[in-house]
Amino acid sequence: MTGFDTEDDIIPRAGVIGWPVDHSRSPKLHGFWLQQHGLSGRYDKLPVPPEDLAAFMADLPKEPGFRGINVTIPHKVAALPYLAQVDPVAQRIGAVNTITVQPDGSLHGSNTDAFGFLESLKADAPGGWSPAAGPAAVLGAGGAARAIIVALLDAGTPEIRLLNRSRDKADALAAEFGSRIAPADWEARAEALGGAGLLVNTTSLGMAGQPPLDLALDDLPATALVNDIVYSPLETDLLARARARGNPVVDGLGMLLHQGRPGFEAWFGVAPAVTPELRAAVLA
Ligand code: ATR
């Protein structure tokens, strides 16, 4: 499937650009919603190697019917220079994941990962989650961590304990995002869980094919919510161990599903919902 060579180009179109993009679940997500709402539209995987990004972005507004795209690795930061407008949340995160072609042909970029993260906690946390529950412990300081830090700051989280293997990256985020970020050494990650109201893993540790997440949970209050953004497997070792000791847990699929909502609505004109049927379809 290629991006721009169709004859049926008057139907509304969107897609996801990445390199590689084969693994993306976004076509299942948006495909489900298109079908559910009986919309004529399509959403494709669009493999775009880095050397083709400039040409792709230049061509995007010229394609009749193309409403916009999701952006995944390695283009989330690289796409920024091609955008006429970048919303403030995306500017703070420093990356975009959703681009909409404006009526005048200019490109608008946003980042819906922070929204998706908070919406998934709202929808899926047993008993809910409130920033008033106390400090959050965040593992990792990469792109996903930036989105979650912005979400937690905007939600009013009083303190974000940031634990990263490379301490300098955690320090850099603290310098950027301010005094509510409390960086700590990776070696001290278990102790950093004391008194926390939320624990989030934003690293790839625990993902199928990646090393396990080595983290003792003894110091974590049993009331703390535990979220893993890894969703393959859906029940990570972290979530299983947290659940076994009585912590409420939220898996990583919700963030993926909820982050897709604003793009779908902008491109296809319908506000979609995240349902158990959608979860099953995207996991299948
Ligand atoms: P993403 O955009 O998904 O956040 P990323 O920007 O590559 O991906 O960030 C990956 C995160 O996982 C980083 O925080 C990384 O730690 P470093 O900054 O020290 O590289 C973390 N990570 C990956 N592999 C790890 C490992 N084996 N042990 C500890 N942390 C790891």
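Four aromatic pairs, 4 in total, are present in the structure. The model is a predicted one. A pair of aromatic rings is described by the distance of the centres and the angle of the planes. Trp33 and Phe264 form an edge-to-face pair, with 5.4 Å from centre to centre and 65 degrees between the planes. This pair joins distant parts of the chain. Trp33 sits in helix 1 (residues 26–36), and Phe264 sits in helix 9 (residues 261–268). The two residues are 231 residues apart. Trp33 and Phe264 are buried.

Phe264 also pairs with Phe268. Here the geometry is tilted: the centres are 5.0 Å apart, and the planes make an angle of 50 degrees. That angle exceeds neither limit of the tilted class, since planes under 30 degrees apart count as stacked and those over 60 as edge-to-face. Phe264 and Phe268 are separated by about one helical turn because they are 4 residues apart in helix 9. Both residues are buried. A single aromatic cluster takes in Trp33, Tyr43, Phe264, Trp267 and Phe268.

The protein chain as a whole contains 10 helices and 12 strands. Its radius of gyration is 19 Å. A compact globule of 284 residues would have a value near 19 Å, so the two agree. Along the principal axes, the C-alpha atoms fill a box of roughly 60 × 40 × 35 Å. Of the 284 residues, 51% count as buried. Among contacts in the protein chain with a separation of 6 or more, 68% come from residues 24 or more positions apart.

The surface and the charges were also examined. The protein chain exposes about 12,100 Å². Carbon and sulfur atoms supply 55% of that area. The chain carries 22 positive and 32 negative charges. The mean positions of these two sets are 3 Å apart.

Ala114 gives a local view of the packing. This residue lies in helix 4 (residues 113–124). Its relative accessibility is 6%, and Ala114 therefore counts as buried; the cut-off for that class is under 20%. Leaving aside residues up to four places away in sequence, Ala114 touches Val89, Ile93, Ala147 and Ala151. One of these contacts, Ile93, is 21 residues from Ala114 along the chain. The C-alpha atoms of Ala114 and Ile93 are separated by 8.7 Å.

Methods. Residues numbered from 1 in each chain as written. Predicted model: local features only at pLDDT ≥ 70, side-chain atom pairs only at ≥ 80, totals over all residues. Heavy atoms only, no water. Phe/Tyr/Trp six-rings, centres within 6.5 Å; stacked < 30°, edge-to-face > 60°. Buried < 20%, exposed > 50% of the residue type's maximum accessible area, 1.4 Å probe, protein only. Rg over C-alpha atoms; globule rule 2.2 N^0.38 Å. Contact = heavy atoms within 4.5 Å. Areas by Shrake-Rupley, 256 points an atom, 1.4 Å probe, with all protein chains shown as cover. Lys, Arg positive; Asp, Glu negative; His and termini not counted. Charge placed at Lys NZ, Arg CZ, Asp CG, Glu CD.
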